[in-house]
Amino acid sequence: MAHNRPKPDDRSDNVEKLQNMIHNTIENMESAEEALAVTSDETQIQQIKEKNERRRESLEAMRTEVKDEAAYKQQQ
């Protein structure tokens with residue numbers, strides 16, 4: 001049986017990946033806002049609003065992580 005070793009922690013492109021995730025999340029929020037303008041289903045409207053609120057919370061967390069990663073990168 002071969003010994004499986006974990007891959008080394010490669011954080012070199014984490015900032016770029018996080019920034020891409022932030023960009024995609026913002027695009028998804030904008031698409032959802034556009035959908036709000038054309039729907040009259042109250043259930044769907046509420047779901048979109050709740051999902052966008054969760055996206056806003058995720059954005060805050062991702063932006064904090066970008067700052068942490070950038071600080072880590074400067075220390076190296």
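Biologist: In this model, how does Glu-53 count at 38% relative accessibility: buried, partly exposed or exposed?

Modeller: Please keep in mind that we are reading a predicted model. The general idea is that a residue is buried when its relative accessible area is under 20%, exposed when it is over 50%, and partly exposed in between. Glu-53 therefore counts as partly exposed, because its value is 38%.

Biologist: Which side chain does Glu-53 meet in a salt bridge?

Modeller: The idea to carry with you is that a side-chain nitrogen of Lys or Arg has to lie within 4 Å of a carboxyl oxygen of Asp or Glu. Here Glu-53 meets Arg-56, with 3.4 Å from N to O, and Arg-56 is itself partly exposed, with a relative accessible area of 35%. Both residues lie in helix α2, three residues apart, which is about one turn of the helix.

Biologist: How many salt bridges does the count come to?

Modeller: The count comes to three. Another of them joins Asp-13 and Lys-17, whose closest N and O atoms are 3.6 Å apart; Asp-13 is partly exposed at 29% relative accessibility, and Lys-17 is also partly exposed, with a relative accessible area of 47%. There is also the pair of Glu-16 and Lys-73, in which the closest N and O atoms are 3.5 Å apart.

Biologist: What does the pair of Glu-16 and Lys-73 tie together?

Modeller: Glu-16 lies in helix α1 and Lys-73 in helix α2, so this salt bridge ties together parts that are 57 residues apart in sequence. Glu-16 is partly exposed, with a relative accessible area of 42%, and Lys-73 is partly exposed as well, at 41%.

Biologist: How far apart should the ends of helix α1 be, at 1.5 Å a residue?

Modeller: The 25 residues of α1, which are residues 14-38, should span 36 Å, and the end C-alpha atoms are 37 Å apart, which agrees. The check can be repeated for α2, where 34 residues reach 50 Å from the first C-alpha to the last, close to the 50 Å expected.

Biologist: Which residues of the two helices are buried, and what do those of α2 pack against?

Modeller: In α1 the buried residues include Val-15, Leu-18, Ile-22, Met-29 and Leu-36, and what covers the buried residues of this helix includes α2 (42-75). In α2 they include Ile-45, Ile-48, Leu-59, Met-62 and Val-66, and the buried residues of α2 pack against α1. Charged residues also appear in the buried group of α2, among them Arg-55 and Glu-69.

Biologist: Which side chain of opposite charge is nearest to the buried Arg-55, and how far away is it?

Modeller: The nearest is Glu-33, which is 7.7 Å away, and Arg-55 has no salt bridge although it is buried. To see what surrounds a residue, we can look for contacts with residues more than four places away in sequence, and Arg-55, which lies in helix α2, touches Thr-25, Asn-28, Met-29 and Ala-32 in this way. Two of these, Thr-25 and Met-29, appear among the buried residues of α1.

Biologist: At the start of α2, which backbone nitrogen does a side-chain oxygen of Asp-41 reach?

Modeller: A side-chain oxygen of Asp-41 reaches to within 3.1 Å of the backbone nitrogen of Thr-43. When you look at the start of this helix, you can find the contact by following the side chain of Asp-41 towards Thr-43.

Note on methods: Residues numbered from 1 in each chain as written. Predicted model: local features only at pLDDT ≥ 70, side-chain atom pairs only at ≥ 80, totals over all residues. Heavy atoms only, no water. Expected span 1.5 Å × (residues − 1). Buried < 20%, exposed > 50% of the residue type's maximum accessible area, 1.4 Å probe, protein only. Contact = heavy atoms within 4.5 Å. Polar contact = N/O pair within 3.5 Å; in protein donor to acceptor, adjacent residues only side chain to side chain. Lys, Arg positive; Asp, Glu negative; His and termini not counted.
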